[in-house]
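Q: I'm new to reading protein structures, and I'd like to take a close look at one part of this one. Could you walk me through how a pair of helices meets, and then what surrounds them?

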Amino acid sequence: MEANGLGPQGFPELKNDTFLRAAWGEETDYTPVWCMRQAGRYLPEFRETRAAQDFFSTCRSPEACCELTLQPLRRFPLDAAIIFSDILVVPQALGMEVTMVPGKGPSFPEPLREEQDLERLRDPAVVASELGYVFQAITLTRQRLAGRVPLIGFAGAPWTLMTYMVEGGGSSTMAQAKRWLYQRPQASHQLLRILTDALVPYLVGQVAAGAQALQLFESHAGHLGPQLFNKFALPYIRDVAKRVKARLREAGLAPVPMIIFAKDGHFALEQLSQAGYEVVGLDWTVAPKKARECVGKTVTLQGNLDPCALYASEEEIGQLVKQMLDDFGPQRYIANLGHGLYPDMDPEHVGAFVDAVHKHSRLLRQN
């Protein structure tokens, strides 16, 4: 490292690399912790910052994304920051219109209905140039973090993005998207390839901009059974990891740990642990010991406290965290929730979760 405290890319030197070490499978003095949706509506300062803004305008403002990313770190001693953005900026960059409807969530006024609708999509090669605002937000945030903790970049996995593009929004059954898989398997693969081709340069661009780890969200894995998952989700999840790593090498960029989080994908844990990711994220429906048996010692596990456990008393949160840490064991583990924080959660209880992880994991190592 240069004497001025700047790292190789001119970014401030990293002071706390516990999260990265755990992700790479190295020993750590305590268990690192961060929360999915840690920059979010449960914080009053988030609601103030976001109040007047249209959601996607916020995503397009590097200054706003930076501020929202840093807010939880001012409150809690988290071990990582995750850039404030949204998985749906990728379908937007492919030329689809997406709006965020208050109280309802994302909406695509013109979803993909027929095979020929794929012709409306832009060339995936231009996607990264459309998403420069995400790269700017990452660079700005990395500077302002001043090396306090690593910064995580992320994207949605191809199947999860496909569900929104075909359904036109959220869905409890994903019947339209799954209808594509059964009735139009070729077109489905074509769409999933387009998304993969868009995601690879987007993720590489995030690392070039300063992201120190990457998480891929397969949020809708649970709508697929093992067969559909193995056919339409897993090959693309694997491909993303393989191609991102190859592109980083070609670009002369240092490798970064990659995390796959497939919500409700408990049936695919073994395959996911061999998909080329250093870390496998778990939701709260998976027993930690079972997960460890299933994935072996080759990957780090991340998760998996039920987010609703944060409605419990601070004392009970401490007990639940202690149990979770005992079950996962001290090494090759990153503490997190099994899904994102909800808007009505008490920030004090988030703080209690973070503190309990740090406290109990240190005690666990002493014994």
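Is the crossing of α8 and α10 left-handed or right-handed?

A: The crossing of α8 and α10 is right-handed, meaning that the near helix is turned clockwise from the far one by less than a right angle, whereas anticlockwise would be left-handed. Before going on, please keep in mind that this is a predicted model, in which local features need pLDDT of at least 70 and side-chain atom pairs count only at pLDDT 80 or more, while totals for chains, interfaces and linings use all residues. Residues are numbered from 1 along each chain as its sequence is written, and side-chain values use heavy atoms, leaving out hydrogens and water.

Back to our pair. Helix α8 spans residues 158-167, and its axis comes within 9 Å of that of α10, crossing at roughly 115 degrees. (Helices are DSSP runs of H or I with at least four residues, strands are runs of E with at least two, and both are numbered from the N terminus; axes are lines fitted to C-alpha atoms, for helices over the stretch in contact, with angles from 0 to 180 degrees between N-to-C directions.) On the α8 side, Pro158, Trp159, Leu161, Met162, Met165 and Val166 make the contact, and α10 answers with Ser188, Leu191, Leu192, Leu195, Thr196 and Leu199; contact means heavy atoms within 4.5 Å. Sorted by class, this contact has ten nonpolar, two polar and no charged residues. (Ala, Val, Leu, Ile, Met, Phe, Trp, Tyr, Cys and Pro are nonpolar, Asp, Glu, Lys and Arg are charged, and the others, Gly among them, are polar.)

Helix α10 also packs with α7 (residues 132-145), at an angle of about 30 degrees and with the axes 8 Å apart. That makes α7 roughly parallel to α10, as angles under 35 degrees count as roughly parallel, over 145 as roughly antiparallel, 65 to 115 as roughly perpendicular and the rest as oblique. Here too the crossing is right-handed. Val134, Phe135, Ile138 and Thr139 of α7 meet Tyr202, Gly205, Gln206 and Ala209 of α10, giving five nonpolar, three polar and no charged residues. In the loop between α7 and β4 sits alanine 146, whose phi is positive, about 55 degrees, although it is not a glycine.

Now for the sheet. Seven strands form an open, parallel sheet in the order β1-β4-β5-β6-β7-β8-β9; two strands pair if DSSP finds at least two bridges between them. At the edges are β1 (81-82) and β9 (333-337), each with a single partner, so one side of each has no neighbour in the sheet. Strands β7 (279-281) and β8 (300-305) are joined in the parallel sense by three bridges, and valine 280 is the bridge partner of leucine 301 in β8. Our helix α10 (185-209) packs on this sheet, touching β4 (151-156) and β5 (213-218), and its direction makes about 170 degrees with that of β4. Helix α14 packs on the sheet as well, touching β8 and β9, at about 155 degrees to the direction of β8.

Helix α14 (314-328) has a helix neighbour too: its axis and that of α15 (347-366) come within 9 Å and cross at roughly 40 degrees. That makes α14 oblique to α15, and the crossing is right-handed. Among the residues in contact are Ile317 and Leu325 of α14 and Phe353 and Val357 of α15.

One last stop is asparagine 304, which lies in strand β8: a cis peptide bond, with omega about -10 degrees, joins glycine 303 to asparagine 304.
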